[in-house]
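The following exercises are to be worked with the sequence and the structure in view. Each task is followed by a solution in steps.

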Amino acid sequence: MKQSRDAETDLNLYYFSDFERHNAEIAAFHLDRVLGYNRIPPVVGRLINVTSEIREITTDRKLSRTFFKSPVGNVCFHGQCEYYCSTEHPVCGQPHTLEVSLAAFLPDLDLAPRRSWRSPWRRSYSRTKLAQWEKEPDYCDTVKQTPPYDQGTRLVDVIDMAILDFLMSNMDRHHYETFETFGNETFLLHLDNGRAFGRHSVDEPSILTPLKQCCRIRRSTLLRLRLLSHPSFRLSDVLRESLSQDPLSAVAPLLSEAHLSALDRRLHTVLRAVRQCQDKHTDVVYNDMEDMGQTQDWAML
Ligand SMILES: Nc1ncnc2c1ncn2[C@@H]1O[C@H](COP(=O)(O)OP(=O)(O)OP(=O)(O)O)[C@@H](O)[C@H]1O
Ligand SMILES: [Mn+2]
């Protein structure tokens with residue numbers, strides 16, 4: 001935890017300068033499950049003692065050397081990394097207690113090697129340069145012809161990812177991962193969600209660009225989104241209930257009401273974008289449920 005749950009990211013900060021949030025990692029895991037994707041490894045909140053559970057037991061000398069006591073006596077550390085790992089950007093206990101998010105550790109890379117894929121709609125990570133997708137309205141036509149997006153479900157998987165990221169306003173999705181042994185016909189993994197849920201008062205329409213440029217969506221995703229726009233299964237209500245199971249919700253709700261209601265607003269924006277696609281195209285819905293019977297009841301929603 002580096003900042004309070006309610007802190008809204010400064011509008012003058014670029015997405016690549018935003019600080020990560022522990023509650024965003026937790027809420028992203030729950031949102032991914034509510035959407036029925038199951039692509040984010042389990043993440044849970046914990047209260048830890050930074051002294052007894054990190055400083056006193058770590059064998060990492062470089063890490064332990066970054067611990068210090070702040071002017072008011074709190075135990076702080078910053079670790080080692082390229083950006084924001086300095087005395088000016090510490091993580092501090094109170095004086096030892098700290099809220100954190102912990103992710104289930106994926107199998108070792110020797111046992112289950114992963115492949116990291118650059119998102120075709122990756123941002124430029126520059127203040128001045130635009131990415132190709134920002135300049136070319138027909139960018140998706142190129143992506144559709146480029147392996148692995150020319151076959152199977154990879155394109156709609158990336159569109160699912162864009163919907164998840166738009167809902168939680170995560171602009172930092174530069175890569176996604178897969179397990180190498182499963183080849184190209186496999187599910188995606190979404191690690192690194194700490195830059196989501198930074199602002200609740202504004203939406204970032206550009207995150208939906210893959211959906212808007214490709215006009216394609218999985219049928220199962222569309223049905224789930226429609227279900228979650230129904231008053232009795234409202235996304236904000238379902239997510240609030242899901243998050244209440246996390247241990248840290250005893251300290252304070254993991255998402256403020258403002259963030260929860262932003263989700264309902266953004267869900268309507270996604271459904272509107274799908275309708276606008278359907279006004280222009282006939283092949284918008286990718287039927288990934290052909291082999292499943294009894295979809296009628298769902299379709300009614
Ligand atoms: N649950 C996990 N289990 C095992 N390894 C993980 C897990 N989550 C992340 N990692 C590994 O740690 C690396 C860094 O994690 P993450 O991407 O969250 O940090 P980051 O500092 O934001 O990185 P980047 O600068 O690439 O955005 C990942 O590329 C991944 O290989
Ligand atoms: Mn990152």
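**Exercise 1: An annotated aspartate**

D192 is partly exposed, because 18 other C-beta atoms lie within 10 Å of its own. The model examined here is a predicted one.

Task: State where D192 lies in the chain, and which residue UniProt lists together with D192 under "binding site".

Solution.
Step 1. D192 is placed in the loop between β7 (175–179) and α7.
Step 2. An unreviewed UniProt entry lists E20 and D192 for "binding site".
Step 3. These residues span 173 residues in sequence, yet no two of their C-alpha atoms are more than 9.1 Å apart, so they gather at one spot.
Step 4. E20 belongs to the segment before α1. E20 counts as partly exposed because it has 18 C-beta neighbours inside 10 Å.
Step 5. Apart from neighbours within four places in sequence, E20 is in contact with K2, G194 and R195.

**Exercise 2: The active-site annotation**

Task: Determine which residue UniProt lists for "active site", and decide whether D172 is buried, partly exposed or exposed.

Solution.
Step 1. The unreviewed UniProt entry lists D172 for "active site".
Step 2. In the chain, D172 is found in the loop between α6 and β7.
Step 3. The class follows from a count: a residue is buried if 20 or more other C-beta atoms lie within 10 Å of its own, and exposed if 12 or fewer do. D172 has 19 such atoms and is therefore partly exposed.
Step 4. Residues up to four places away in sequence are set aside; D172 then touches Y15, F16 and R195.

**Exercise 3: The surroundings of ligand 1**

Task: Identify the residues that surround ligand 1, and state how many of the shell residues are nonpolar, polar and charged.

Solution.
Step 1. The residues around ligand 1 are P41, A103, A104, F105, L106, L191 and D192.
Step 2. This shell divides into 6 nonpolar residues, no polar residue and 1 charged residue.
Step 3. The shell may be set beside the record: the "binding site" annotation of the unreviewed UniProt entry covers E20, A103, A104, F105, L106, E177 and D192.
Step 4. A104 lies in the loop between β5 (97–103) and β6 (114–118), and L106 is also placed in the loop between β5 and β6.
Step 5. A104 is exposed because 10 other C-beta atoms lie within 10 Å. L106 counts as partly exposed because it has 14 C-beta neighbours inside 10 Å.
Step 6. Once neighbours within four places in sequence are left aside, A104 is in contact with P41 and P42.

**Exercise 4: The nonpolar cores**

Task: Describe the largest nonpolar core, and find which helix supplies the largest share of this core.

Solution.
Step 1. A general tendency is useful here: in soluble globular proteins, nonpolar side chains tend to be buried together.
Step 2. The largest nonpolar core has 49 residues, and those with the most contacts inside it are A27, I159 and A162.
Step 3. Helices that each supply at least two residues of this core include α1 (22–34), α6 (154–168) and α10 (257–280).
Step 4. The largest share, 11 residues, comes from α6.
Step 5. When residues up to four places away in sequence are not counted, I159 touches P210, L211, C214, R216 and I217.
Step 6. There is also a second, separate core of 6 residues, which includes V50, I54, V75 and L98.

**Exercise 5: The chain as a whole**

Task: Judge how compact the chain is for its length, and state what percentage of its residues are buried.

Solution.
Step 1. The chain contains 11 helices and 9 strands.
Step 2. Its radius of gyration is 21 Å, close to the 19 Å that the globule rule gives for 301 residues, so the chain is as compact as a globular protein of that length.
Step 3. The C-alpha trace spans about 65 × 40 × 40 Å along its principal axes.
Step 4. Of the 301 residues, 31% are buried.
Step 5. Among contacts between residues at least 6 apart in sequence, 71% join residues at least 24 apart.
Step 6. A pair distant in sequence may serve as an illustration: D283 and R216 are 67 residues apart in sequence, and their C-alpha atoms are 7.3 Å apart in space.
Step 7. D283 is in the loop between α10 and β9 (285–286), and is exposed because 9 other C-beta atoms lie within 10 Å.

Technical notes: Residues numbered from 1 in each chain as written. Chains lettered and ligands numbered in written order. Predicted model: local features only at pLDDT ≥ 70, side-chain atom pairs only at ≥ 80, totals over all residues. Near = placed C-beta within 6 Å. Nonpolar A, V, L, I, M, F, W, Y, C, P; charged D, E, K, R; others polar. UniProt positions renumbered as here; feature names shortened; annotations may be inferred. Helix = DSSP H or I, 4+ residues; strand = E, 2+ residues; numbered from the N terminus. Contact = placed C-beta atoms within 7 Å. Core = buried A, V, L, I, M, F, W, Y, C linked by C-beta atoms within 7 Å. Rg over C-alpha atoms; globule rule 2.2 N^0.38 Å.
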